[in-house]
Number of protein chains: 2
Amino acid sequence: MRRDIFQAIADPTRRAIITLIALQAMTPNAIADNFHTTRQSVSKHLRILTECELVKQEQQGREIYYTLEIKKLKEIDKWLEQFRKIWETRFNQLDKVLLTIKKQKK
Amino acid sequence: MRRDIFQAIADPTRRAIITLIALQAMTPNAIADNFHTTRQSVSKHLRILTECELVKQEQQGREIYYTLEIKKLKEIDKWLEQFRKIWETRFNQLDKVLLTIKKQKK
DNA sequence: TACATTTGCAACCGATTGGTTTCTCAAATA
DNA sequence: TATTTGAGAAACCAATCGGTTGCAAATGTA
């Protein structure tokens, strides 16, 4: 049972759930209303999201509200960091090239 | 055959390949040397990465060098954008709370 | 108390995944 | 020319995935 954040966001439905509950907590039933699938299927997705701590439960009577743990998404941001450095460098190099061409035209 | 970038980076071996070839192009054999798996398995991963345009091939004799298409990784960055706004807002709100507490102590 | 609602969980199913083995093809080398 | 090397493609396999159905537990309501 490999359960990491990258595998969690691989599924388009799970990404949609994340976007959906980003602004306000929602119950499984309310979430399922937004998709062409069953509540149970959403429930399974929520379990996966919970297992990798992307989502948190808040029991309220018999209803369970799911909220997004936004800070967990920063792990993806952190992984991208190493490439961000590279793509910025490459753009800088491109800038230099353009600058050189500009100067030569003068 | 759903082939999107999120599914591509879901596999840890593929993420490692991406990191490996980020700085310099490499052949399948050279890549495979870095993992406890066969060349054929790496080849399959490279095919998936190629299909979603995360990686580009450069034939050189009988060797094929694979390079990373860093700009494709920006699609993930783009998806994160919507949440970045939220997490910055939440931190700002937290700042306000802390500021209020500070003022009350005065 | 009896019934309805909300939810999680287990069992099952077809499709997909990641890996291995085998095969073929093209390029380099003896 | 014969052999070795680098690589992709196909066939196969066990494991996992996403979805459905059915059931049980807990909470709310008549």
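**Exercise 1. The surface near DNA strand D**

Work out how the residues of the surface near DNA strand D divide into nonpolar, polar and charged, and find which elements supply them.

*Solution.* In this predicted model, the residues of the surface near DNA strand D comprise four nonpolar, 12 polar and seven charged ones. The next step is to locate them: 23 residues surround DNA strand D, and the closest are Thr38(A), Gly61(A) and Arg62(A) from chain A, with Thr27(B) and Asn29(B) from chain B. Turning to secondary structure, at least two residues each come from helix H4 (39–51) of chain A and, in chain B, from helix H3 (28–32), helix H4 (39–51) and strand E2 (63–68).

**Exercise 2. The surface near DNA strand C**

Determine how many residues surround DNA strand C, which are the closest, and which element gives the most to that surface.

*Solution.* Begin with the count, which is 24 residues around DNA strand C, the closest being Thr27(A), Asn29(A), Asp11(B), Gly61(B) and Arg62(B). Two or more residues are given to this surface by helix H3 (28–32), H4 and strand E2 (63–68) of chain A, and by H4 of chain B. Within that set, H4(A) gives the most, with five residues. By residue class, the surface near DNA strand C divides into four nonpolar, 12 polar and eight charged residues.

**Exercise 3. The contact between the two protein chains**

Establish how many residues of chain A are in contact with chain B, and which element supplies the largest share of that side.

*Solution.* The contact involves 18 residues of chain A and 18 residues of chain B. On the chain A side, two or more residues come from each of helix H1 (5–8), helix H2 (12–21) and helix H5 (70–105). The largest share, 11 residues, belongs to H5(A). Sorting this side of chain A by class gives 11 nonpolar, three polar and four charged residues.

**Exercise 4. The relation between the copies**

Find the turn and the shift along the axis by which chain A can be laid on chain B, and name the relation that follows.

*Solution.* Chain A is laid on chain B by a turn of 180° and a shift of 0.0 Å along the axis, with an RMSD of 0.1 Å. The relation is therefore that of a two-fold axis. To place the axis with respect to chain A, note that the nearest C-alpha is that of Ala10(A), 3.0 Å from it. Finally, the same surface serves both copies, since 100% of the contact residues of chain A recur in chain B.

**Exercise 5. The strand pairs and their turns**

In which sense do E1(A) and E2(A) pair, and over how many bridges? Which residue is the bridge partner of Gln57(B) in E2(B)?

*Solution.* In chain A, the two strands E1(A) and E2(A) pair in the antiparallel sense, over six bridges, and Gln59(A) has Ile64(A) as its bridge partner in E2(A). This hairpin has two residues between the strands, and Gly61(A) there takes a positive phi near 70°.

In chain B, E1(B) and E2(B) run antiparallel and are joined by six bridges, with Tyr66(B) in E2(B) as the bridge partner of Gln57(B). Two residues lie between E1(B) and E2(B) in their hairpin, where Gly61(B) in the turn has a positive phi of about 70°.

**Exercise 6. A positive phi outside glycine**

Where is Glu53(A) found, and is Glu53(A) buried, partly exposed or exposed?

*Solution.* Glu53(A) is found in the loop between H4 and strand E1 (55–60) of chain A, and has a positive phi of about 60° although this residue is not a glycine. Glu53(A) counts as partly exposed because 14 C-beta neighbours lie inside 10 Å. For chain B, the loop between H4 and strand E1 (55–60) holds Glu53(B), which likewise is not a glycine and has a positive phi of about 60°. Glu53(B) also counts as partly exposed, because its C-beta neighbours inside 10 Å number 14.

**Exercise 7. The nonpolar core**

Identify the residues with the most contacts inside the largest nonpolar core, and trace the contacts of Ile21(A) beyond its neighbours within four places in sequence.

*Solution.* The largest nonpolar core has 32 residues, and those with the most contacts inside it are Ile21(A) and Ile21(B). Once its neighbours within four places in sequence are set aside, Ile21(A) is in contact with Met26(A), Ile31(A), Tyr66(A), Thr67(A) and Leu68(A). As background, nonpolar side chains tend to be buried together in soluble globular proteins.

Methods:
Residues are numbered from 1 along each chain as its sequence is written. Chains are lettered from A and ligands numbered from 1 in the order in which they are written. This is a predicted model: local features need pLDDT of at least 70, side-chain atom pairs count only at pLDDT 80 or more; totals for chains, interfaces and linings use all residues. A residue is near a molecule or strand if its C-beta atom, placed from the backbone, lies within 6 Å of it. Helices (H or I, at least four residues) and strands (E, at least two) are DSSP runs, numbered from the N terminus. Ala, Val, Leu, Ile, Met, Phe, Trp, Tyr, Cys and Pro count as nonpolar, Asp, Glu, Lys and Arg as charged, and the others, Gly among them, as polar. Two residues are in contact if their C-beta atoms, placed from the backbone, lie within 7 Å. A residue is buried if 20 or more other C-beta atoms lie within 10 Å of its own, exposed if 12 or fewer, and partly exposed in between; C-beta atoms are placed from the backbone. A nonpolar core is a set of buried Ala, Val, Leu, Ile, Met, Phe, Trp, Tyr and Cys residues joined through C-beta atoms within 7 Å. Copies are superposed by least squares on the C-alpha atoms of residues with pLDDT of at least 70 in both. Two strands pair if DSSP finds at least two bridges between them.
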